[in-house]
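Trainee: I've got a new model open and I'd like to learn how to read it. Can you walk me through it?

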Amino acid sequence: MARMFIDGDDLVVHLSWREKVAARRGDVRAPLTAVSRVTVEPDWWRPLRGVPHRGLWSPGTRCIGTRTHEAGLDFVAIRHGRPVVCVELRASAPFRLVAASVPTIAEARSTMQALAGQAPDLDMSTPCRQPLPVPDENPPSE
């Protein structure tokens, strides 16, 4: 199972060798300065947004890899029936969202608190993830 932790100034999602094969990539790294919000989703399917891009998608079992949508690219390593730690990232990061399942809700909250304590500039205005932008709602640029 993927593990999310802090290594120096980076957020790391360490994948097992099977997950690396399924996702067709190595571990995911993002700078802590790019973390904008950390939340826990008790429902495993809620972090999935957009369409599958690259990876393994077994509905009802596991989803691992990248997903693409209007705002960019997400990385997910999610298992059915497990809580998910969701980390929203700023536009400077390689992904807009990094989400990984953990065995228990207590471990999910512990991971969230550890990340929240280390990330320098979190947006704590709401405990919920922010919706994706809708193209028709964006103001026209001049």
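**Reading the fold**

Mentor: Start with one residue: Cys 86 has a relative accessibility of 1%, so Cys 86 counts as buried (under 20% relative accessible area; exposed is over 50%, partly exposed in between; 1.4 Å probe, protein chains only). This is a predicted model, where local features need pLDDT of at least 70 and side-chain atom pairs count only at pLDDT 80 or more, while totals for chains, interfaces and linings use all residues. Residues are numbered from 1 along each chain as its sequence is written, and side-chain values use heavy atoms, with hydrogens and water left out.

Trainee: What share of the chain counts as buried?

Mentor: Of its 142 residues, 38% do. Cys 63 is buried too, because its relative accessibility is 6%. As for disulfides (cysteine sulfur pairs within 2.5 Å), the count is 0.

Trainee: How many helices and strands should I look for?

Mentor: Look for 2 helices and 9 strands; these are DSSP runs, H or I of at least four residues for helices and E of at least two for strands, numbered from the N terminus. In sequence order the pattern reads β-β-α-β-β-β-β-β-β-β-α.

Trainee: In what order do the strands of the open sheet come?

Mentor: Two strands pair if DSSP finds at least two bridges between them. Here 6 strands line up as E4-E8-E9-E7-E6-E5, with mixed pairing. E4 and E5 (51-58) are at the edges with a single partner strand each, so one side of each has no neighbour in the sheet. Strand E6 (residues 62-69) runs antiparallel to E7, joined by 8 bridges; Thr 66 has Phe 75 in E7 as its bridge partner. H2 packs on the sheet and touches E4 and E8, its direction making about 170° with that of E4 (axes are lines fitted to C-alpha atoms, for helices over the stretch in contact; angles run from 0 to 180 degrees between N-to-C directions).

Trainee: Which residues have the most contacts inside the largest nonpolar core?

Mentor: In soluble globular proteins, nonpolar side chains tend to be buried together. A nonpolar core is a set of buried Ala, Val, Leu, Ile, Met, Phe, Trp, Tyr and Cys residues joined through side-chain atoms within 4.5 Å. The largest one here has 28 residues, and Met 4, Val 13, Phe 75, Val 87 and Leu 89 have the most contacts inside it. E8 gives the most to this core, 3 residues. A second, separate core has 8 residues, including Cys 63 and Ile 78.

Terms used:
Contact = heavy atoms within 4.5 Å.
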